[in-house]
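Thanks for making the time this morning. I would like to walk through one structure with you, going from charged pairs to the sheet, the cysteines and finally the empty spaces.

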Amino acid sequence: MPVVTLYFDRLKKILGNAPKAKIIETLPFIGLDIEDETADHINVEYSPNRPDYSTDYGIVTGLQGLLGKKLGMPVLKIKTGKNSVKAEPSVSKVRPYVTAIEARNGKLDDETIRQIITMQEDLHNGLGRRRKKASIGIHDIEKIKFPLYYKTTTRDHSFVPLESETSMTVKEILEKTETGRKFSHILDGNVKVPILVDSAGQTISLPPIANAKLTEMNTKTKNLLVEVTATDKNAAEGVLAVIANTLHISGFQLYSVKITGANNSTPVLKSRDLILEPELVNKTLGIEISDTIIVKSLRKSRLDAKMRGKKIVCTIPRYRTDIFGVMDLVEEVALGYGIQNLNPTMPESVSAGERNDVTKTLEIVRSVMIGLGYLEVMNFELTSKEILYDKTHKDSSKIISVADSKSQEHIILRDMLLPGMIDILSRNIHESYPQKIFEIGTVFEKGSTIKEEIHLACLCAHKDVNFTEVKSILQSLLKTGFNLSCTTVAQKEPMFVDGRTGNIVVSDKKIGTIGEIDPKIADNFKLRTPVSGFEMDLTDIILDKN
């Protein structure tokens, strides 16, 4: 998890008088893990779902609540600014969204700059999904001539990137710089790339790769421009809200930036309300506390709360991207009330639990696959249409999508394990071969109801792999794990090579598919090594065994 270094002298300046021992004692109760401690600082880990804790300013906000120094939601004051950014239509198919805010009349020291840069990278890796979903530029605003223009340009366009002293073309930045090589894949397939330029024609940034050397901030910088570009507007504003809140706490004054063009709009960053039932809080936490205490506990967690009849209206600041529903509010009540104040009780049941028969059977299957030299992997049951269908040429007529998903990437319930496993191989092309992986997991089939099945899939990748090799693995698994034999019947399948694939048949019933992955499919995942594998439904086999 991400780590933040908290210097005690800085904490004293920001937090005010609070005993060092009390601060250290309180940190775990706002959800931070203490990694190590010295005489002058302490290192703490924070959960990536709390990006507002990526700096000491955000952590102090949490401490103020539990220590009773400040209660309720921090007020984000944004004055109306006079500058603007215009998005041109050309960005709509590359990286369609841009948003920004100004932070003025602040002071930066070396440690604050270090923490801002660390926060920027933590946001890139978390909410920004390694810059694919959102990326950030923080600039010295005095070097910029407004208005700004967000548009596309060719890869021959040149400017001086951050951490360089010479001008480079976009092509050179993508190929020769460390950051360019690491994130160039985000721009793959685009002839033109997105850039931000000012009215004087100066390049400000090349999202999501590099900012310009021109606008680099330093300890003399007093006024900043924060810009976020993204493939998802909600993610862009969530990232901007975290940074804006942090800069506001550190003493900057915030000014809006007008955003226009190509479905973009000026960010509002307003709070939202959720209704909480006090009964749910007490039932979930196993306690009996009054409505007044619940409200105070929420305010100690730096949320606003008030009674409306018999319900509680909770107001959530925009930077709290981790709060989705009422159960998240119950957790905030627990933190505000004090985890240490919750008394553990013994469960009412006196019977001992044990693993069920399905779990025991699957443990045997895992042991067999590991014994055959395969490494187990685990993917999410939610995936993307691109991975599950577009890259594999599978029929998507029975696609199962999640309604009102908070993610733009994980919105499809998987009906097969192999696509996600091929994606894992594509992320490990620089590792040594052979690569042998397997996965056991739940897949979903659409019918009159959604049916769940337990599948096992196996992939082997190396230059000499073929149908025969993976068939021998399949036969060994069925014989050792279930004392079963199988046959393979030739059959065309969209993911496999014609003539090198077939159905897996056990007791005259098809339970899966085996074969050599079509090179065109492998190429869609940027794999250059032959891959073979199989996937089968274990549901009935497990039921028969038990």
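Let me begin with Glu111, which is buried, with a relative accessible area of 15%, where buried means under 20% relative accessible area, exposed means over 50%, and partly exposed is in between, using a 1.4 Å probe and protein chains only. Before I go on, please keep in mind that this is a predicted model, in which local features need pLDDT of at least 70 and side-chain atom pairs count only at pLDDT 80 or more, while totals for chains, interfaces and linings use all residues. Residues are numbered from 1 along each chain as its sequence is written, and side-chain values use heavy atoms, with hydrogens and water left out.

Glu111 forms a salt bridge with Arg114, and the closest N and O atoms of the pair are 2.7 Å apart; the term stands for a side-chain nitrogen of Lys or Arg within 4 Å of a carboxyl oxygen of Asp or Glu. Arg114, at 34% relative accessibility, counts as partly exposed. Both residues of this pair, Glu111 and Arg114, sit in helix α4 (residues 110-125), 3 residues apart, which is about one turn of the helix. Helices here are DSSP runs of H or I with at least four residues, strands are runs of E with at least two, and the numbering starts from the N terminus.

A second pair within a helix is Lys171 with Glu175, whose closest N and O atoms are 3.0 Å apart. These two residues are 4 residues apart in helix α5 (residues 170-176), so about one helical turn separates Lys171 from Glu175. Lys171 is partly exposed at 43% relative accessible area, and Glu175 is partly exposed at 44%.

What does the salt bridge between Glu376 and Arg366 link? The closest N and O atoms of Glu376 and Arg366 are 2.8 Å apart, and the pair links distant parts of the chain, with Glu376 in strand β20 and Arg366 in helix α11 (residues 357-371), 10 residues apart. Glu376 is partly exposed, with a relative accessible area of 26%. Salt bridges that share partners also join Arg10, Asp56 and Asp109 into one network, and the overall count by this rule comes to 28 salt bridges.

Strand β20 brings us to the sheet. It is an open sheet of 7 strands in the order β20-β23-β24-β28-β27-β26-β25, with mixed pairing, where two strands pair if DSSP finds at least two bridges between them. The edge strands are β20 (375-376) and β25 (487-490), each of which pairs on one side only. Inside the sheet, β23 (residues 435-446) and β24 (residues 450-461) run antiparallel and are joined by 12 bridges, with Ile440 having Leu456 in β24 as its bridge partner.

Turning to the cysteines, the count of disulfides is 0, a disulfide being a pair of cysteine sulfur atoms within 2.5 Å. Why is there no bond at Cys460? The closest cysteine sulfur, in Cys458, is 7.0 Å from that of Cys460, which is too far for a bond. Cys460 counts as buried at 0% relative accessibility. For Cys486 the closest cysteine sulfur is again in Cys458, 12 Å away and too far for a bond, and Cys486 is buried at 12%.

Finally, the spaces. On a 1 Å grid over the protein atoms alone, a cavity is a set of points where a 1.4 Å probe fits but cannot get out, and a pocket is an open set with protein on both sides within 12 Å along at least five of seven lines, with lining residues having an atom within 4 Å of a point. Grid points are joined across faces, edges and corners, and a volume is the space filled by probe spheres set on the points.

There are 3 cavities of 30 Å³ or more, and the largest holds about 150 Å³. Its lining has 19 residues, with Arg50, Tyr53, Gly62, Ser301 and Arg320 lying nearest the centre, and helix α3 gives the largest share, 4 residues.

The second largest pocket holds about 980 Å³. Of its 35 lining residues, the closest to the centre are Asp415, Glu445, Glu453, His455 and Lys510. Strands β23 and β24 are among the elements that each supply at least two residues to this lining.
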